[in-house]
Amino acid sequence: MAAPTLDLITIGRCSLDLYGQQIGGRLEDMGSFSKAIGGCPANIAVGTARLGLRSALLTRVGDEQVGRFILEQLAREGVETRGVTVDPKRLTALVLLGVRDSSTFPLIFYRDNCADMALCEADVDEGFVASAGAVVVTGTHFAREDTAAAQFKAMRIAKQHGRRVIFDVDYRPNLWGLAGHDAGESRYIRSDAVTAHLAPVLPLCDLIVGTEEELHVAGGSEDTLEAIRKIRAASAAVIVCKRGPMGCVVFPDAIPDSLEEGVRGPGFPVEVYNVLGAGDSFMSGFLRGWLRGETLETCCAYANACGAFAVSRLLCSPEIPTFPELEYFLAHGSKQRALRFDADLNHIHWATTRTASPPGIMALAIDHRVQLETVASEVGAPFEKISDFKVLAVQAAARVAAGRPGFGMFIDGRYGREALFRAADHNLWTARPVERTGSRPLDFEAGGSLGAHLTEWPMAQVVKCLCFYHPDDPEDLRLRQERELARVYDACRIQGRDLLIEIIAGKHGSLIDDTIPRVIQRIYDLGIKPDWWKLEPQKSAAAWSRINETITANDVYCRGVLVLGLEAPMADLAESFRACAGVPVVKGFAVGRTIHIEPARAWLSGQISDAEAVEQMANRFQELVAAWENGRRVRAA
């Protein structure tokens, strides 16, 4: 029998979750929502992938934008999607959720004839199921004949191939037709019919997981111990009883006289912010241990810790920890009862779940505003033409990139709106400035609320913030600049955006070996950990070495440093590329005026055509790309 290539396949519900962002409000009053993948099996697939297991999902989504989002996000999370059928006739399921108070979490399921409820036996491929070490079936999909048949088929295949079957009771009364549409929050209504419906599932299982109420319905008794005994009479499975803040109890064999005599896993004392999704996070943690052969005590620790993360944060699948985050929490704990306020955990969570980026970036920077206005004024061209020129710069960058990853652009919103659209067409990595050009102390171009301004930006755009900061600046200037850097960092983290901080120190003081390392260390000391740095070329190898040491000592997850150009001649830039070629944290360059300022002057004055402007910029950009790549090759040799 072939060894499994997957650790598990989860089967069943898959939806788009829309979470109300106004905590304490009624669903009727919500003004904005955050979106995420939802549904118990989908959440578990994401959670186990984050924790290092090879997971897959067997379900259906609609042939529409929501379905495509789910497929793309599953892929980003590392979940195998070949078991996800795209249904051309039905829409992806939708759920609206909110937090009314510390014990009320309203939700509405939009699941009438939805895609995942059309799952049928024909969707269950024997080879696919046999490729996994375990299948996870869920209670809701036993509520309908066709979906139940699909799950039973997967269970039979798993057993025939010596795989394990895991049952998450996942009891939602209103999805069994026992409560109205407005009762999505209800977790338990006694039903002998549901108990009878689930009875054939139990003997096929190797692991059964549920809350006390879920075990009541699975076992047919409202006495928890009696319900567990009834489950044991029908199944030899390991039984896990989730007990909320009390943790969990596991029964691997005979049922003792007391719940307390099972294998106990204590809970973690955290603030309860939102219980929705906590069970899926718990299951993800338990499976990370159980499928890897860990002790039950370790499985419980993983599960309860993952559950603690979930109840302390707002969303479902996005809040499940990654394994590095889980390990850190188990080793160090947290000083915060509300884990969402733990800066160290939040940074690990962000850095290990953010969208992947190319390992290096070679960028054409066209985010200059005042500089191009000056050129336009000198040649008598209207400022409106700057926007058209920036679109030509995108064409030049795209020509050099030729569809390859690792190429990007810096484009502003003032003159670059259309250029930003076209850069997205070419899948170019894009950074967009927030700072007011030349501001010192740092100020933002949009004015007012930075967060409100960023809300309009596409999520793929990296927020770039240039700060003219020297470590020997007067204290009042430094404090004001640091306050603004903290504002932009906070806004980016709240909205889930990459942040690139550009530091230019040489224009306002001496640039010696420790100048930039001192600035970087100060910013890290403030609790600001940007995803990227953009730095001016350094005069010595010692300076680059100290920069590398400072960044790696403070943030092992930093994406890297891009070297800027400062309108230096091509030969000088090539030399600066060679100087930093062996520095591990240096991942690329972002050069602008050296590439575009002369073509801009000629084009704005009518001396060259669109095609000639594109050609000149593409040639200059290609020359820098060659210099960068050559410097890397020489260093490697």
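1. Let's begin with strand S10, which spans residues 207–211 in this predicted model. Most of S10 is covered, with four of its five residues buried. Its neighbour is strand S9, residues 164–168, and the two pair in the parallel sense over three bridges. If you would like one pair to look at, Phe167 has Ile208 in S10 as its bridge partner.

2. A good next stop is the barrel. Eight strands form a closed barrel in the order S14-S15-S16-S17-S18-S19-S20-S21, and the pairing is parallel. From one strand to the next, the twist averages 25°.

3. For a closer view of the barrel, take strands S15 and S16. S15 covers residues 407–410 and S16 covers residues 429–433; they run parallel and are joined by three bridges. Where should you look for the bridge partner of Gly408 in S16? The residue to find is Trp429.

4. Now to a pair of helices. In general, two packed helices are described by the angle between their axes and the distance between the axes. Here, helix H17 (residues 515–525) and helix H18 (residues 541–554) have axes that come within 9 Å and cross at roughly 10°. Because angles under 35 degrees count as roughly parallel, H17 is described as roughly parallel to H18. On the H17 side, the contact is made by Ile516, Pro517, Ile520, Gln521 and Tyr524. H18 contributes Ala543, Arg546, Ile547, Thr550, Ile551 and Asn554. By type, the residues of this contact between H17 and H18 divide into seven nonpolar, three polar and one charged.

5. Helix H9 is worth a look too. It runs over residues 296–311, which gives it 16 residues. From its first C-alpha to its last, H9 reaches 22 Å, close to the 22 Å expected at 1.5 Å a residue. H9 is also mostly covered, as 13 of its 16 residues are buried.

6. Finally, please visit Cys248, which lies in strand S12 (residues 248–251). Is Cys248 buried or exposed? Its relative accessibility is 1%, so Cys248 counts as buried, the cut-off being under 20%. Leaving aside residues up to four places away in sequence, Cys248 touches Val240, Cys241, Lys242, Arg243, Val263, Arg264, Gly265, Phe282, Cys300 and Asn304. One of these, Phe282, is 34 residues from Cys248 along the chain, and the C-alpha atoms of the two are separated by 9.8 Å.

Terms used
Residues numbered from 1 in each chain as written. Predicted model: local features only at pLDDT ≥ 70, side-chain atom pairs only at ≥ 80, totals over all residues. Heavy atoms only, no water. Pairing = 2+ DSSP bridges. Axes fitted to C-alpha atoms, helices over the stretch in contact; angles between N-to-C directions. Parallel < 35°, antiparallel > 145°, perpendicular 65-115°, else oblique. Contact = heavy atoms within 4.5 Å. Nonpolar A, V, L, I, M, F, W, Y, C, P; charged D, E, K, R; others polar. Expected span 1.5 Å × (residues − 1). Buried < 20%, exposed > 50% of the residue type's maximum accessible area, 1.4 Å probe, protein only.
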